[in-house]
Each structure stands twice: as structure tokens, then as C-alpha cells.
Amino acid sequence: MISLRRSALATFAFVLFSACGSETIVTEVKKEEPPPPPPPPPVVSSVSVAGPTRLVVGRVDTVKATARAASSAVITGRTVSWSSNNAAAVTVGSDGVVRAVAPGTAVVSATVDNVVGSISITASDASIVSLALTSPATVLVGGTAQIGATARDSVNQPVVIRSITWTTSSPNVATVSPTGVVTGVSAGTATITAAVFGAVASATITVTPVPVASIVVPPYDSLLRFRFPKQVVALAKDSAGNTLQRPFTYTTSSVDVATLDPNGLATAQGQGFVTITASAGGKSANLRYFVPSDSGLYVAVVGGVAGDAATASIDQVGATSPTTFSAVIPADTVTRFNFVTSNGTYRVRGATIGATSGTAPRVPVGLAGIALLLGIGGPAPTTLGPP
């Protein structure tokens, strides 16, 4: 006898017959049906954006997007794309961080599965309560320096500064540009003031001269003669080799050989060597001079009686003293006249002797000799008599 059993599940029966034909064994094999397919993912129906509606320029905040299905159920795990329609006012990053850049309004949007949600954010400047300046203590004459300004609001947060009004108390000492660049004009101090929407701050700057790096002495004539004062010339230089206008101080190693006036005019006082030092800005240089015994053109008038008037004259180019001298004849009846010359070009005109009363010459005489002494050598060749 064959027996077949069925169940709610699909059943396959295998019938085995025994050899004796008296017993039957039935084996059932069950096959399970596959699970039903998962439900489709929810469809994004709306996107909402939460975040600040106002933001101070220079500050940052965060916006958050929420996606919902038609049933209002929150949908998670979806990619959010951010954008701003006015990045000049408000920017937004891929992480939803918004930053106020400049005053204005921007619409920040979040896109999820092509569904867009947005929020309007207005950026504005905060009220400036305090203003602080950072500036160098000193500026060189002709040099420049940038002054920095920092503004803060009522909660001590930094505020972006858009425009500053700069002024200087002493334009002849230091000037300031519309961007806060200070330029040194002359030595002294100046107060630089910045004003921003009623907030005011000041900084005092000292303008100092450019340091003197060296004192340079141009080539010079080292011979200093009697009756010929000589101007000492020295130049103050900066590290770049530029000539600086600086007051000089002059000193002499021996006032018995040469003296100096405050402007560096050297005058010979006695024979010998002398060192003149020119100093400015902490630097100095030396000039070495030699003063010979004397120099000039000498004319000797011989004859006459002691007490008579003697006169000698010469013609010369560039004479630095009168070309005619008069004197009373001394006891030895020889009178010597010293004509200081600037060169060796001269011509003797003559010499006379007359009474002191101014009457006609008593004894006409000639010239005894002419000699030119220059430098430290002996007298130059002598010319006797008028040429």
C-alpha cells in the first residue's frame, strides 16, 4: 500500500518498498519559499535648513539640513550639497559651515536627491566698541612703517574694519597714508591717530635720522698757509653710501698750529703739523695738515731817513691783500712789505720814500728785491728791480 502525505509546504514523497512487500517507508523533503523583497527606499519629499539668519562679518556658524519623506519621516544617510547665491556676503562649505564675508544677504541652499531647501542669512558689521593700534616705536627719516589696527565689539570679539581715517599731529615730522603707512620726514615725534565709527586710538612714533655709517674725506691740499684760512670738507655717509646732511663738530690737535671756527674753517697759527678731526653722528675722520713758516711776496725798500714814509706797489692777479703798502721807515732805513698772493703772477710797479708830512718825495729809491716763498722749501728765485 502506498501512502502519500501533503502539507502546506511543497512536499515530495519517496516510497520505498521492502523486499518482503509487507512494509512501506515514506520520506518527505520540504522546500522553503524565498523571503519577500525589501520595501523600496523612502523618497525625499522635502528638505529643511536650520541655522542663523544673521551673522556678524568675520564670524562663522553652522547650518543643518533635514530631509523628510511625504509622511514627514526623517530620512538619514543621504548626501547633502551646499551652495550660496551670494558668496561675496556669505560663504558655505561642504560641511555646512557658513562665514560672513561682507555686509549683505545670501540664500544658503541644501540639495538632497535633487530636492532643495534653503535659509536666508544676512551678514552685517558689528558695532565697534574699542580700537587698538600696533606700530613701531621709531621710524628713520625717509623710511616707512605700517600701522595695524584691531577693532572689537561689546563682547570683545574682533570686528572687521572697513575704513579708517588716519591723521598725524606733525606732518613735518611724519606723514600717514590712507592705508596707515607712516613715512618719516624729519627728526622728532608725531602722534598718529586712527578713527573708525567713533572709536579712536593713537600711537606715538619717534622719527630718527638715518645712522651715519662713515665719514669720508675728499682729496684735499694738506698745506695750510698763513693768512690763507682753509675750509675743512668732510662728508657723512650712510650704509648705502648716500651722503647725509649732518652737522659736523671740528677739533684741532694743536691750537698753536691751527685754530678752527664752528664751521670748520682752519686758520694757521704756527709752523708744524696739525690733525683736524671732523665728527658727525658718532663717526669721525682725520685730516692732516702742515703749516710752513710763511708764504707770500716780499718787497724791500732801502734808503731814506728813519721816520720817512715808504710806499711799495705791485701788480698781480688774484691778490688777497692790498697791492700798495705804506709804512714808516725804521731806524735801519730798510722797510719790508709782505704782499700775500694766491698765485705767482705779479708785476712790480715801484717804490718811493717821502716825508711824513706828505710833501714831495725826498729820496727816490728802487726796489731791493722780490722773493716768493711757498710751502716748506726755501725762497723761490729772486727777481731784482722792476721788470
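Visitor: Where is the place of lysine 230?

Guide: Lysine 230 sits in strand β24. Keep in mind that this is a predicted model.

Visitor: What does lysine 230 touch, leaving out residues up to four places away in sequence?

Guide: Its contacts are Asp221, Leu223, Leu224, Gly264, Leu265, Ala266 and Tyr289.

Visitor: Which side chain meets lysine 230 in a salt bridge?

Guide: That of aspartate 221, at 3.4 Å from N to O. The backbone of aspartate 221 takes part too. Its oxygen lies 3.0 Å from a polar atom of the lysine 230 side chain.

Visitor: Is aspartate 221 buried or partly exposed?

Guide: Partly exposed, because its relative accessibility is 43%.

Visitor: How many salt bridges does the count come to?

Guide: Four. Side chains of opposite charge can pair when their charged atoms come close.

Visitor: OK, what does arginine 59 form a salt bridge with?

Guide: Aspartate 153. The closest N and O atoms are 2.3 Å apart. The two residues are 94 apart in the chain. Arginine 59 is in the loop between β4 (54-56) and β5 (60-62). Aspartate 153 is in the loop between β16 (148-152) and β17 (158-159).

Visitor: Is aspartate 153 buried or exposed?

Guide: Buried, with a relative accessible area of 8%. The cut-off for buried is under 20%.

Visitor: And which residue forms a salt bridge with arginine 162?

Guide: Aspartate 125, with the closest N and O atoms 3.0 Å apart. This pair also links distant parts of the chain, 37 residues apart. Aspartate 125 lies in the loop between β12 (115-124) and β13 (130-134). Arginine 162 lies in the loop between β17 and β18 (165-168).

Visitor: Are aspartate 125 and arginine 162 buried or partly exposed?

Guide: Aspartate 125 counts as partly exposed, at 33% relative accessibility. Arginine 162 counts as partly exposed as well, at 41%.

Visitor: Let's stay with β12. Which side chains along β12 point to one face and are buried?

Guide: Val115, Gly117, Ile119, Ile121 and Ala123. The side chains alternate, so to speak, residue by residue along the strand. Val116, Ser118, Ser120, Thr122 and Ser124 point to the other face and are not buried.

Visitor: How many bridges join strand β11 to β12?

Guide: Nine, and the two strands run antiparallel. Strand β11 covers residues 104-112. One of the bridges pairs alanine 106 with isoleucine 121 in β12.

Visitor: What do β11 and β12 form?

Guide: A hairpin, with two residues between the strands. Aspartate 113 in the turn has a positive phi of about 50°.

Visitor: In which sense do β4 and β12 pair?

Guide: Parallel, over three bridges. Valine 56 has serine 124 as its bridge partner in β12.

Visitor: New topic. Which strands form the open sheet with antiparallel pairing?

Guide: Three strands do, in the order β3-β6-β7. β3 (46-50) and β7 (74-75) are at the edges, each with a single partner strand, so one side of each has no neighbour in the sheet.

Visitor: How many bridges join β3 to strand β6?

Guide: Five, with β6 spanning residues 64-68. Among the partners, valine 47 is matched with alanine 67 in β6.

Visitor: Now aromatics. How many aromatic pairs are there?

Guide: The count is three. In one of them, the rings of tyrosine 220 and tyrosine 289 have centres 5.3 Å apart. Their planes are at 55°, so the pair is tilted.

Visitor: Where do tyrosine 220 and tyrosine 289 lie?

Guide: Tyrosine 220 is in the loop between β23 (214-216) and β24 (230-231). Tyrosine 289 is in strand β31 (residues 283-291). The pair therefore ties together parts that are 69 residues apart in sequence. Tyrosine 220 is partly exposed at 35% relative accessibility, whereas tyrosine 289 is buried at 3%.

Visitor: What about phenylalanine 248 and tyrosine 250: what do they form?

Guide: A stacked aromatic pair, 6.0 Å centre to centre with 25° between the planes. Phenylalanine 248 is buried at 15% relative accessible area. Tyrosine 250 is buried at 17%.

Visitor: Last one. What pLDDT does the chain average?

Guide: It averages 79, and 68% of the residues score at least 70. Residues 1-20 stay under 50. Residues 355-387 are below 50 too.

Methods: Residues are numbered from 1 along each chain as its sequence is written. This is a predicted model: local features need pLDDT of at least 70, side-chain atom pairs count only at pLDDT 80 or more; totals for chains, interfaces and linings use all residues. Side-chain values use heavy atoms; hydrogens and water are left out. Two strands pair if DSSP finds at least two bridges between them. Helices (H or I, at least four residues) and strands (E, at least two) are DSSP runs, numbered from the N terminus. Rings of Phe, Tyr and Trp (its six-membered ring) pair if their centres lie within 6.5 Å; planes under 30 degrees apart count as stacked, over 60 as edge-to-face and the rest as tilted. Buried means under 20% relative accessible area, exposed over 50%, partly exposed in between (1.4 Å probe, protein chains only). A polar contact is a pair of N or O atoms within 3.5 Å; within protein, one must be able to donate a hydrogen and the other to accept it, and residues adjacent in sequence count only if both atoms are side-chain atoms. Contact means heavy atoms within 4.5 Å. pLDDT is the predictor's confidence in each residue, from 0 to 100.
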